[in-house]
Amino acid sequence: MDRQDYILRMIERLGQALVALRKQILGGKTNSSEVRAAIREAARDGGLDYDLATSLSSDTLLMMVAPGGDVDPGRCWLIAELSYLQGLDEELSEDFGPATASFERAAFLFGMLQPVAGNLAGVTEAKARLEEIDERLASLPPNERTQ
């Protein structure tokens, strides 16, 4: 139980930081290099190598977020949310190919999550984030979409 409480506190703390980053991205108050640095820092805070995660195939990424067969919700959520934020930044920079890849990675990971916990501050439930990602993917130029 202590481990689960720790994970939930970590998710909540990171969630708050990522909400602030999302607001900065959508408000145009940061540039892409700052976003990338913040994403890598958040991943490190969560004990992850984001660059490695983004280079993996879906099957290998699955092994990263479910090393024992069961999805680690904290790890899965963090990579999913970071991928989503990267996609937002890429979309707003009109870098649509990478945005598509980031959104699709985020959707894959959010799709593996069950509701994490009630109402953790700053943590958007997977279903709501999936709906938003689907809308964003649908709004990208058709030649950039892979699905």
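I took contact to mean heavy atoms within 4.5 Å. On that basis I looked up how contacts spread along the protein chain, and I found that, among contacts between residues at least 6 apart in sequence, 69% join residues at least 24 apart. I keep in mind throughout that this is a predicted model.

**Entry 1: the chain as a whole**

I listed the secondary structure and counted seven helices and zero strands in the protein chain, so that, read from the N terminus on, the elements run α-α-α-α-α-α-α. I then checked burial over the chain, where buried residues make up 41% of the 147 residues.

**Entry 2: helix H4 and its two sides**

I went through helix H4, which covers residues 58-65, and noted Leu61, Met64 and Val65 as buried. These residues cover an arc of only 85° around the axis, which puts them on the same side of H4. On the face of H4 turned away from that buried side I found the exposed residues Asp59 and Met63. I next asked what the buried residues of H4 pack against, and the partners turned out to be helix H3 (50-55), H5 and helix H6 (96-112).

**Entry 3: H4 against H5**

I followed one of these partners further and noted that H4 and H5 pack at an angle of about 135°, with their axes 8 Å apart. An angle over 145 degrees would count as roughly antiparallel, and H4 and H5 are therefore oblique to each other. From H4 the contact is made by Leu61, Met64 and Val65, and from H5 by Arg75, Cys76 and Ile79. Sorted by class, the residues of this contact of H4 with H5 divide into five nonpolar, no polar and one charged.

**Entry 4: H5 against H6**

I turned to H5 and H6, which pack at an angle of about 155° with their axes 8 Å apart, and that makes H5 roughly antiparallel to H6. The crossing of these two helices is left-handed. On the H5 side I listed Cys76, Trp77, Ile79, Ala80, Glu81, Ser83, Tyr84, Gln86, Gly87, Leu88, Glu90 and Glu91 as making the contact, and on the H6 side Phe96, Pro98, Ala99, Ser102, Phe103, Arg105, Ala106, Leu109, Phe110 and Met112. The class count for the contact of H5 with H6 came to 14 nonpolar, four polar and four charged residues.

I also looked at the loop between H5 and H6, where glutamate 94 lies. The backbone of glutamate 94 has a positive phi of about 60°, although this residue is not a glycine. With a relative accessible area of 60%, glutamate 94 is exposed.

**Entry 5: H5 against H7**

I compared the directions of helix H5 (residues 73-92) and helix H7 (residues 126-139), whose axes come within 12 Å and cross at roughly 30°. H5 and H7 are therefore roughly parallel to each other, and H5 passes H7 in a left-handed crossing. The contact draws on Glu81, Tyr84, Leu88 and Glu91 of H5, together with Arg129, Glu132, Ile133, Arg136 and Ser139 of H7. By class I noted three nonpolar, one polar and five charged residues in the contact of H5 with H7.

**Entry 6: single residues**

I asked whether glutamine 86, found in helix H5, is buried or exposed. At 18% relative accessibility it counts as buried, because the cut-off for buried is under 20% relative accessible area. Leaving out residues up to four places away in sequence, I found that glutamine 86 touches Ile39, Tyr50, Thr54, Ser102 and Arg105.

I then looked up alanine 101, whose place is in helix H6, and which counts as partly exposed at 38% relative accessibility. The C-alpha atoms of alanine 101 and glutamine 86 are 9.8 Å apart in space, while the two residues are 15 residues apart in sequence.

Last, I examined glutamate 12, which lies in helix H1 (residues 2-26) and counts as partly exposed at 28% relative accessibility. For the pair of glutamate 12 and glycine 74, which are 62 residues apart along the chain, I noted a C-alpha separation of 9.8 Å.

Note on methods. Residues numbered from 1 in each chain as written. Predicted model: local features only at pLDDT ≥ 70, side-chain atom pairs only at ≥ 80, totals over all residues. Heavy atoms only, no water. Axes fitted to C-alpha atoms, helices over the stretch in contact; angles between N-to-C directions. Helix = DSSP H or I, 4+ residues; strand = E, 2+ residues; numbered from the N terminus. Parallel < 35°, antiparallel > 145°, perpendicular 65-115°, else oblique. Left-handed = near helix turned anticlockwise from the far one by under 90°. Nonpolar A, V, L, I, M, F, W, Y, C, P; charged D, E, K, R; others polar. Buried < 20%, exposed > 50% of the residue type's maximum accessible area, 1.4 Å probe, protein only. Arc of directions from axis to C-beta.
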